[in-house]
Amino acid sequence: MNDLTTVVDSAVAAFAAVNTPADLENAKAQYLGKSGRITDMMKGMAALPVEEKKTRGAAINLAKQAIEAALNARRQALADAELQAQLQAEALDVTLPGRQRGQGGLHPVSLTLERIEAIFGSMGFEVAQGPEIESDWFNFTALNTPEDHPARSMHDTFYVEGGSEAAPNLLRTHTSPMQIRHAVQHVKKHRLAAEGSVTAGDFFSGAMPEIRVIAPGRTYRVDSDATHSPMFHQCEGLWVGEAISFKDLKFVFTDFCRTFFENKDLVLRFRPSFFPFTEPSAEIDIQFPSGPLAGRWLEVAGSGQVHPNVIRNMGLDPERYIGFAFGMGPDRLTMLRYGVNDLRLFFDGDIRFLSQFR
Ligand code: PHE
């Protein structure tokens, strides 16, 4: 019987030593195959007497069963190991953070424009949009700046194709043409509604609401350095009625600046100046009471009382209608609000800079 125990032990050891199903099948052949050791033992029984054959046969069968059991156990173990390895190789780590989509955001100047619109909106101002390619008439002439007026040389104008010699097209040098465009539309709309009968006392009679509008947008001048870009932004403001004075301009613009910069102690200065389309005219400077910019006067807008010739070009009687206009620089306001000192950063499109304003 000893030889059987040895065979079983040796089979169990052989099965344990292999690591792949193929090797296991080879090992199996050595014991249970056609010329395997168990098979040989069976053959060896032929010469034995009948009685011994019985006991020997039963013992070999037990050994064979033990080997088969060991084989099956090892097969299962190898299959389990293989499955385990596969599971590990194909594992999905659901605790890894997902791949993020790039998060977009508004350009800092757009944020400023939204802010300007919200503040003036709260004061009852409409928002108007107009063309960037403008005619000489709207950009200059209608704004009381005749052809040979020296004030035209204040602006270095980009001229574009399409107009005539007498009436060239250009990229608007300011948003002031929107004063005329919007006012003309406004007057036309309300006069039509009143069947042409409304002129004097329009605003007070309620037949024509006051003109109260801002017009933000892109403007262009031949100019380029750290504080000037050939494309820049302006926001026009216009309030025309029958009793709108310079004090309304002061109140409205002061209120706007203090709200925009969230600083009720901000100081404003209206410094006498000249624009052909306003009389009197003023540059508006602001001063922060504290912080890194404290003590400096910072120019933020041009302004004034709308010139009678401009009121006339709006289709209104300057004897009756009066108002104020201003034109401010949203790029400048953005630089002051966020402490940016080079205007060109806004238009270079460097995502590292822009993403800071998300
Ligand atoms: N359009 C003027 C400029 O670009 C600013 C301005 C607007 C001044 C309205 C007065 C009134 O400099």
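**Group meeting talk: a buried aspartate, a sheet and an aromatic cluster**

Let me open with a contact: the side chain of Asp-285 makes a polar contact with the side chain of Arg-271, at 2.8 Å. Before I go on, please keep in mind that this is a predicted model.

Arg-271 is joined by a second arginine here, since the Asp-285 side chain also has a polar contact with the side chain of Arg-269, again 2.8 Å. So where does Asp-285 sit, and is this residue buried or exposed? Asp-285 belongs to strand β8. With a relative accessible area of 2%, Asp-285 is buried, because the cut-off for that word is under 20%. Leaving aside residues up to four places away in sequence, Asp-285 touches Val-267, Leu-268, Arg-269, Arg-271, Trp-297, Leu-298 and Glu-299. Glu-299 on that list is worth a second look: in β9, Glu-299 is the bridge partner of Asp-285.

That bridge takes us to the sheet. β8 and β9 run antiparallel and are joined by 7 bridges. On to the next pairing: β9 pairs with β10, also in the antiparallel sense, over 5 bridges. There, Gln-305 stands opposite Phe-324 of β10. How many of the residues of β9 are buried? The count is 7 of the 9, so β9 is largely enclosed by the rest of the structure.

Stepping back, what is the strand order of the whole sheet? This is an open sheet of 7 strands with mixed pairing, and the order reads β1-β5-β6-β10-β9-β8-β7. The edges are β1, residues 126-127, and β7; each has a single partner strand, so one side of each is left without a neighbour in the sheet. At the β1 edge, the partner is β5, residues 211-220, and these two pair in the parallel sense over 2 bridges. Glu-126 stands opposite Val-213 in β5. Helix α5, residues 108-122, packs on the sheet and touches β1, β5, β6 and β10. The direction of α5 makes about 170 degrees with that of β5.

While we are on β8, here is a backbone detail for those of you who check omega angles. The peptide bond from Glu-279 to Pro-280 is cis, with omega near -5 degrees. Pro-280 has its place in strand β8, the strand that also holds Asp-285.

Now for the rings. How many aromatic pairs does the model have? There are 18. Take Phe-260 and Phe-261: the ring centres are 4.9 Å apart and the planes stand at 80 degrees, so this pair is edge-to-face, a term that needs over 60 degrees. Phe-260 is buried, with a relative accessible area of 0%, and Phe-261 is buried too, at 12%. Phe-261 also pairs with Phe-288, edge-to-face again, at 5.1 Å centre to centre and 85 degrees between the planes. This second pair links distant parts of the chain, 27 residues apart. Phe-261 is in the loop between α9 and β7, while Phe-288 is in the loop between β8 and β9. Both of these residues, Phe-261 and Phe-288, are buried.

These rings belong to one aromatic cluster, made up of Phe-120, Phe-125, Trp-239, Phe-253, Phe-256, Phe-260, Phe-261, Phe-288, Phe-324 and Phe-326. You may recognise Phe-324, the residue opposite Gln-305. There is a charge to go with the cluster as well: the charged end of Arg-115 sits over the ring of Phe-260, 5.2 Å from its centre. Elsewhere, the charged end of Arg-181 sits over the ring of Phe-138, 4.1 Å from its centre.

Last stop, positive phi. Which residues other than glycine have it? Two to mention are Asn-144, with phi of about 60 degrees, and Glu-262, with phi near 50 degrees. Asn-144 lies in the loop between α6 and β3, and at 18% relative accessibility Asn-144 counts as buried. Glu-262 lies in the loop between α9 and β7, the loop that holds Phe-261. At 61% relative accessibility, Glu-262 counts as exposed, whereas Phe-261 is buried.

That's my tour; thanks for listening, everyone.

Technical notes:
Residues numbered from 1 in each chain as written. Predicted model: local features only at pLDDT ≥ 70, side-chain atom pairs only at ≥ 80, totals over all residues. Heavy atoms only, no water. Phe/Tyr/Trp six-rings, centres within 6.5 Å; stacked < 30°, edge-to-face > 60°. Buried < 20%, exposed > 50% of the residue type's maximum accessible area, 1.4 Å probe, protein only. Helix = DSSP H or I, 4+ residues; strand = E, 2+ residues; numbered from the N terminus. Lys NZ or Arg CZ within 6 Å of the ring centre and 35° of its normal. Pairing = 2+ DSSP bridges. Contact = heavy atoms within 4.5 Å. Axes fitted to C-alpha atoms, helices over the stretch in contact; angles between N-to-C directions. Polar contact = N/O pair within 3.5 Å; in protein donor to acceptor, adjacent residues only side chain to side chain.
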